Amino acid sequence: MMRASINTATLGFQAPIREVIDEVARAGFAGLAPWRREVEGADVRAIAKHIRDAGLTVTGYCRSTYIPAASRAQFLNHVEDNRRAIRDAGILGAACFVMVVGGLPEGSRDLEAARAQVAEATGLLMETAREAGTTIALEPLHPFYAADRSCLNTLKQALDMAEAIEPEARLLGICADVYHIWWDPERTAQIARAGSANRLFAFHLCDWLRETRDPLNDRGMMGDGVIDLGRISGEISAAGFTGLPEVEIFSSLDWWKRPMAETLAICKQRLAPLV
Ligand code: ZN
């Protein structure tokens, strides 16, 4: 059994979730992280049971509806949408609900207002997470995505926000994804801070290809790019992270075209020195 998890997006959504669960278990991984598109509209309890029966842990549930909105009514719709997803995260037994928070609302240039909306919404969602028996992980995204995907862009920013919303650090933490944090000069210190504050809830692995063709869907397999994954994994372990590292490779140009078993086998080889 490999102490690692597969984010199902890595396999390109080629098959129904039940088949994906079985493939991941057959390949010998200890966990997986499903997406809402695979779960919503289906029997969530039955999927949860299938995952448990396969012997897999759920390292995260991906991901939030973007928060920032141009109107108050729309903002509240987004919060409500996330409440539903957090309840599903609880049913799935997910270690955390992953928040990719969203960028600027249509027509806006006010990044600070978007960030304030994210903080407010996250505060509103804490009670839902508690009732659902799960946690919330704020995932900062590389600043490239500030306009359209996430106005939360560094570990420090995410940790500052988490501290302000929930000082006691029970259910609100962060997700450290190497694709988004590898370049950050404050990374080492902020990973250590997350660990000592008990807020390191998830660790996502892939690689940054030097010649990236598409900054969203051309992520590399571990070892094929420029990220010092050994060093970052060491920082994560030193911070006391006890969860399963999760492979998350968005790769419409390469890995999503390969058979699931092939991608899983290569993930396993590349993870061996890291986990
Ligand atoms: Zn991620």
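Q: Starting with the basics: two strands pair if DSSP finds at least two bridges between them. Which residue stands opposite Leu138 in E7?

A: That's Ile174. Strand E6 (residues 136–138) and E7 pair in the parallel sense, with three bridges. The labels come from DSSP runs, numbered from the N terminus: helices (H or I) have at least four residues and strands (E) at least two.

Q: Before we go on, what is this model?

A: It's a predicted model, where local features need pLDDT of at least 70 and side-chain atom pairs count only at pLDDT 80 or more, while totals for chains, interfaces and linings use all residues. Residues are numbered from 1 along each chain as its sequence is written, and side-chain values use heavy atoms, with hydrogens and water left out.

Q: Cool. In what order do the strands form the open sheet?

A: There are nine strands, in the order E3-E2-E1-E9-E8-E7-E6-E5-E4, and the pairing is parallel. At the edges sit strand E3 (57–58) and strand E4 (61–62), each of which pairs on one side only.

Q: And where do the side chains of a regular strand go?

A: As a general rule, they alternate between the two faces of the sheet.

Q: Let's look at E1. Is it largely enclosed or open, and why?

A: Strand E1 (residues 2–7) is largely enclosed by the rest of the structure, because five of its six residues are buried. Buried means under 20% relative accessible area, exposed means over 50%, and partly exposed is in between (1.4 Å probe, protein chains only).

Q: How many bridges do E1 and E2 have?

A: Four, with E1 and strand E2 (residues 29–33) pairing in the parallel sense. Met2, for instance, has Phe29 of E2 as its bridge partner. To get from E1 to E2 the chain goes through helix H1 (residues 17–26), and this β-α-β crossover is right-handed. Right-handed here means that, with the strands pointing away from the viewer, the path from the first strand over the helix to the second runs clockwise.

Q: What about E1 and E9, how many bridges there?

A: Two, and the pairing is parallel. Ser5 has Glu246 of E9 as its bridge partner.

Q: New topic, the zinc ion! What are its protein donors?

A: Glu139 (OE), Asp177 (OD), His204 (ND1) and Glu248 (OE), lying 2.1 to 2.2 Å from the zinc ion. Donors are N, O and S atoms within 2.8 Å of the metal (3.2 Å for Na, K and Ca), and since water is not among the atoms, sites may look incomplete.

Q: Why is the arrangement irregular?

A: It's irregular because the four donor atoms subtend angles of 84 to 157° around the zinc ion. Four donors count as tetrahedral if all angles lie between 85 and 135 degrees; four count as square planar and six as octahedral if opposite donors are over 155 degrees apart and all others between 65 and 115; anything else is irregular.

Q: What spacing do the donors follow along the chain?

A: It's E-x37-D-x26-H-x43-E. His204 in strand E8 (residues 200–205) and Glu248 in the loop between strand E9 (246–247) and helix H10 (260–271) link distant parts of the chain, 44 residues apart.

Q: Is His204 buried or exposed?

A: His204 is buried, at 0% relative accessibility. Glu248 is buried too, with a relative accessible area of 3%.

Q: Switching to helices: which strands does H5 lie across?

A: H5 lies across E5, E6 and E7, and runs at about 150° to E6. H6 lies across E6 and E7, at about 170° to E7. Those angles run from 0 to 180 degrees between N-to-C directions, using lines fitted to C-alpha atoms (for helices, over the stretch in contact).

Q: Which residues of H8 are buried?

A: In helix H8 (residues 187–196), they are Arg187, Gln190, Ile191, Arg193, Ala194 and Gly195. They pack against helix H6 (155–165), strand E7 (172–177), helix H7 (178–181), E8 and helix H9 (229–238). Contact means heavy atoms within 4.5 Å.

Q: What follows H8?

A: Asn198, which has a positive phi of about 65° although it is not a glycine. Asn198 is in the loop between H8 and E8 and is exposed, with a relative accessible area of 56%.

Q: Last one: where does Phe13 lie?

A: In the loop between E1 and H1. Phe13 isn't a glycine either, yet its phi is positive, about 50°. At 21% relative accessibility, Phe13 counts as partly exposed.
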